[in-house]
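User: Hi! I'm new to reading protein models, and I would like a close look at one part of this one. Could you walk me through the second helix and its surroundings?

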Amino acid sequence: MRQVLDPSKIPLKQRGDGNIWATLIQITQLLLVVAMIAAVVLWFLPVIQQSQRLQQENRDNAAKIAQAMESNRRLQQEVALLKTNPLYVERLARDKLNLGKPGEVVFRFDPYQSTPPSSHASP
């Protein structure tokens, strides 16, 4: 690869340890390449961030779809039971609607609720 500026073609004073201008040109070329790479990274950074955000949205949507499919499966199963199982319908009518057969007495008990322990210690 040919260098952009060949330091041997530039007639300059040399220090005891070598041509200072050749070293400066090489450092400048290196900094230019680093700046160009940084510019490319900064140019594509929003695209990379958007891609990551869209991938996260895709994962979230896939989880929502799986949850909706499970809910749909349960609802379809319940519909099938309602259509084909008269005992299931009777149980739902008794439990959720507080219905009973003619002549039956329906007893309803509230769910058990634990009482908080008393703050007074018993002797």
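Analyst: Happy to help; here is a tour of that helix, its neighbour and the segment that follows.

Please keep in mind that this is a predicted model. To set the scene, the protein has 2 helices and 0 strands. Buried residues account for 5% of its 123 residues. The accessible surface is about 11900 Å², and carbon and sulfur atoms contribute 63% of that.

Now to the part you asked about. Helix α2 covers residues 86-97, while helix α1 covers residues 20-84. Where the two pack, their axes lie 6 Å apart at an angle of about 105°. Angles of 65 to 115 degrees count as roughly perpendicular, and α1 and α2 are therefore described that way. On the α1 side, the contact is made by E78, L81, L82 and T84, and on the α2 side by P86, Y88, V89 and L92. Sorted by type, the residues of this contact are 6 nonpolar, 1 polar and 1 charged.

Next, let's look at charged side chains. Side chains of opposite charge can pair when their charged atoms come close. In this model, the count of salt bridges is 7. One of them joins D95 and R91, with an N to O distance of 3.6 Å. D95 and R91 sit 4 residues apart in α2, so about one helical turn separates them. Are these two buried or exposed? D95 is partly exposed, at 38% relative accessibility, whereas R91 is exposed, at 52%.

Another salt bridge reaches out of the helix: R94 pairs with E104, and their closest N and O atoms are 2.9 Å apart. Because R94 belongs to α2 and E104 to the segment after α2, this pair ties together parts that are 10 residues apart in sequence. R94 is partly exposed at 27% relative accessibility, and E104 is partly exposed as well, at 38%. Through shared partners, salt bridges link E90, R94, K101 and E104 into one network.

Finally, let's follow the chain past the helix. N98 is in the segment after α2 and counts as partly exposed, with a relative accessibility of 41%. Leaving aside residues up to four places away in sequence, N98 touches A93, V106 and R108. N98 and R108 are 10 residues apart along the chain, and 8.1 Å separates their C-alpha atoms.

To recap your helix: α2 packs against α1, and its residue R94 is paired with E104 in the segment that follows.

How values were computed:
Residues numbered from 1 in each chain as written. Predicted model: local features only at pLDDT ≥ 70, side-chain atom pairs only at ≥ 80, totals over all residues. Heavy atoms only, no water. Axes fitted to C-alpha atoms, helices over the stretch in contact; angles between N-to-C directions. Parallel < 35°, antiparallel > 145°, perpendicular 65-115°, else oblique. Contact = heavy atoms within 4.5 Å. Nonpolar A, V, L, I, M, F, W, Y, C, P; charged D, E, K, R; others polar. Buried < 20%, exposed > 50% of the residue type's maximum accessible area, 1.4 Å probe, protein only. Areas by Shrake-Rupley, 256 points an atom, 1.4 Å probe, with all protein chains shown as cover. Salt bridge = Lys/Arg side-chain N within 4 Å of Asp/Glu carboxyl O.
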